[in-house]
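Colleague: I would like a close look at a single part of this model. Please take one strand, its cover and its partners.

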Amino acid sequence: MFSSGGNLSAIVTTAVLLLITFGVRESTQQQYDANDYMKREHSLFKPYQGSGMTIPYWDFFGSTFVTNSYIRLTPDLQSKSGAIWNQVPCTSINWEMHVNFKVHGKGKDLFGDGFAIWYAKDRLQTGPVFGSRDNFLGLAIILDTYSNHNGPHNHQHPYISAMVNNGSLSYDHDRDGTHTQLAGCEAKFRNVDYDTLISIRYENDVLTVSTDLENKNTWKQCFQVTGVKLPTGYFFGVSATTGDLSDNHDLLAMKFYELEAPALHAEDRSRIIPSAETFDAPREHKDDPKQGGMSNVKIFFLILLVMLIVVVLVVIGIMFYQKHQENSRKRFY
């Protein structure tokens with residue numbers, strides 16, 4: 001006969017083995033399903049180039065250049081900006097995008113600025129938001145490598161965040177976009193010797209961003225946001241920029257998967273406006289510190305006062321001189 005402790009140990013061992021077996025099967029099945037529905041027209045992988053200097057289904061511009069091993073959006077030089085955009089609008093309601101990227105450079109303590117992965121209405125638009133336009137319509141997944149330290153923060157950089165915009169919001173670089181982000185997480189993806197990947201999954205109005213940044217070949221959830229509504233018919237793109245600080249921003253692959261999950265709503269998603277029901281917990285908004293010194297009005301009145309004093313002194317001097325001359329003439333006569 002087995003003791004009660006032995007029975008309990010056997011039951012626990014059996015349960016663990018069953019869970020492991022189920023987990024492996026589930027993971028394998030998910031990978032199989034994803035590969036089954038990969039769509040080439042939204043994907044980008046080696047060999048990149050078609051005939052000539054073009055990439056099938058994609059346009060690139062700015063400082064972007066294509067090699068056999070990677071697509072470099074910006075070199076490790078100051079004031080560079082580059083982007084690559086898909087030519088085909090996405091008609092899938094539920095989808096997942098895997099992006100293999102590499103951010104690296106010679107800077108050890110100071111580097112920047114980062115890059116953004118877009119699902120947006122307007123493509124090939126340059127602007128101040130990591131090389132693309134502000135007040136956009138759609139979704140931006142931002143991988144920010146430099147903290148501007150303007151206002152309070154509760155995270156370190158590099159930092160991954162999401163922003164959904166209906167065209168009315170402006171990305172605030174001075175505050176690293178913390179007042180418009182849906183959610184975010186810290187992520188150490190710079191200057192590593194192995195592949196770094198990010199997964200953006202949009203399924204039934206739920207946005208889930210996961211990363212594989214530790215060379216473990218497994219996804220780690222960064223954040224998940226419910227109540228996100230994105231239209232169909234928008235375009236995928238990636239853009240990057242450098243300013244006074246710089247980095248190489250390289251794109252190695254993008255793989256798009258159409259998910260089989262049924263949509264929650266039968267509405268026509270091509271006409272809706274991008275929106276999100278919830279945002280990240282608000283941080284205290286502090287205005288920039290007022291600059292020291294006097295305003296232009298004060299400076300004007302100060303100059304005017306000095307001029308009046310000078311005029312008064314000149315008049316007094318002239319009057320004194322004339323009085324002195326008059327006294328001299330009286331003594332002469």
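Modeller: What follows describes strand β5 and then, for comparison of detail, strand β4. This is a predicted model, in which local features need pLDDT of at least 70 and side-chain atom pairs count only at pLDDT 80 or more, while totals for chains, interfaces and linings use all residues. Residues are numbered from 1 along each chain as its sequence is written, and side-chain values use heavy atoms, with hydrogens and water left out.

Strand β5 covers residues 95-104; strands here are DSSP runs of E with at least two residues, numbered from the N terminus. Nine of the 10 residues of β5 are buried, buried being under 20% relative accessible area with a 1.4 Å probe and protein chains only.

β5 is joined to two strands, and two strands pair if DSSP finds at least two bridges between them. With strand β10 (residues 196-203), β5 runs antiparallel over seven bridges. Trp-95 has Tyr-202 as its bridge partner in β10. With strand β15 (residues 248-258), β5 is again antiparallel, through 10 bridges. There, Phe-101 stands opposite Leu-251 of β15.

Strand β4 (residues 81-86) is also mostly covered, with five of its six residues buried. β4 pairs with strand β1 (residues 58-62) in the antiparallel sense over five bridges, and Trp-85 of β4 stands opposite Asp-59. Five bridges also join β4 to strand β14 (residues 235-241), antiparallel as well; in that pairing Gly-82 faces Ala-240 of β14.

Conventions
Buried < 20%, exposed > 50% of the residue type's maximum accessible area, 1.4 Å probe, protein only. Helix = DSSP H or I, 4+ residues; strand = E, 2+ residues; numbered from the N terminus.
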